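Hi,

Here is the structure I promised to pass on. Have a look at it first, and my notes follow below.

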Amino acid sequence: MMPADPKLIEAIILACLERNPIDFRKVDDAEVKKVQTAIKRATTEKGTGFRYPVTRKHFLCGCLDFTEHLPEEHLIVAYGYRYGNTTDIERIHHVAGEQRRVAVPEYIRSEIRRHHFHRSDAEVVVFHNHPRTGHEPEWFYTLKSLLQDLPIASNDDRKELQHHAFNAVGLFRQFFGQGQVLFYLGESGFVKEFRLPPLLPFLDQLNRLSVQQVVK
Ligand SMILES: [Zn+2]
């Protein structure tokens, strides 16, 4: 049976509202390999730089290929500059986590903020994966098949997004189409962007407002 957890229902509704997974059909394999090599080396605080920038699509394809068959979550963060509708990525950080979680270390948290704030075209691309080991409950896979295997960002994932993308600078940059902090999730062979903050606190606020009105 499916548990009626409001957080889960929230996760599904928001996943359905967001755009389709990324189409990786026209990628350059050499660029993707370059990204994979860099990911392996980027586990120190210093991270790894690219001699020539790679595009966001190649970066995300490299992240998917690197994490697709791993049993644990990985966080891979790329720093670069907005270029047309892509990001020119110059360097990356990589952290390996556990089966169901990957924590964001303090040095990465502060680097995301520092890089994003330092120039109006500065962009950060944050990728993490959800391993699907086949050990999740059956209702979960039934649900996933109804959603055509779409990646489903968790409530914690969206809280992280809210923290980095919905501050004053982040909102201003979104409005003017400048450099942003973008969040992507790799799951079941797909990479999907998630850009909506958690819905529950908002619903809670609405609820409280309507209760106040009834009391009046
Ligand atoms: Zn997650």
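**What turned up**

D149 counts as partly exposed, because it has 15 C-beta neighbours inside 10 Å (20 or more other C-beta atoms within 10 Å of a residue's own would make it buried, 12 or fewer exposed, and anything in between is partly exposed, with C-beta atoms placed from the backbone). Bear in mind that this is a predicted model, where local features need pLDDT of at least 70, side-chain atom pairs count only at pLDDT 80 or more, and totals for chains, interfaces and linings use all residues. Residues are numbered from 1 along each chain as its sequence is written.

Back to D149: you'll find it in the loop between α5 (138–146) and α6 (155–165) (helices are DSSP runs of H or I with at least four residues, strands are runs of E with at least two, and both are numbered from the N terminus). D149 is not a glycine, yet its phi is positive, at about 65 degrees.

S188 also has a positive phi, about 50 degrees, without being a glycine. S188 sits in the loop between β5 (181–187) and β6 (190–193), and with 19 C-beta neighbours inside 10 Å it is partly exposed.

Next, helix α3 (residues 56–67). Its 12 residues should span 16 Å at 1.5 Å a residue, and the end C-alpha atoms are indeed 16 Å apart (the expected span is 1.5 Å times one less than the number of residues). The rest of the structure largely encloses α3, because 10 of its 12 residues are buried, among them F59, L60 and F66.

Finally, R109 belongs to helix α4 (residues 106–118). R109 and H164 lie 55 residues apart in sequence but 8.8 Å apart in space, C-alpha to C-alpha.

Cheers
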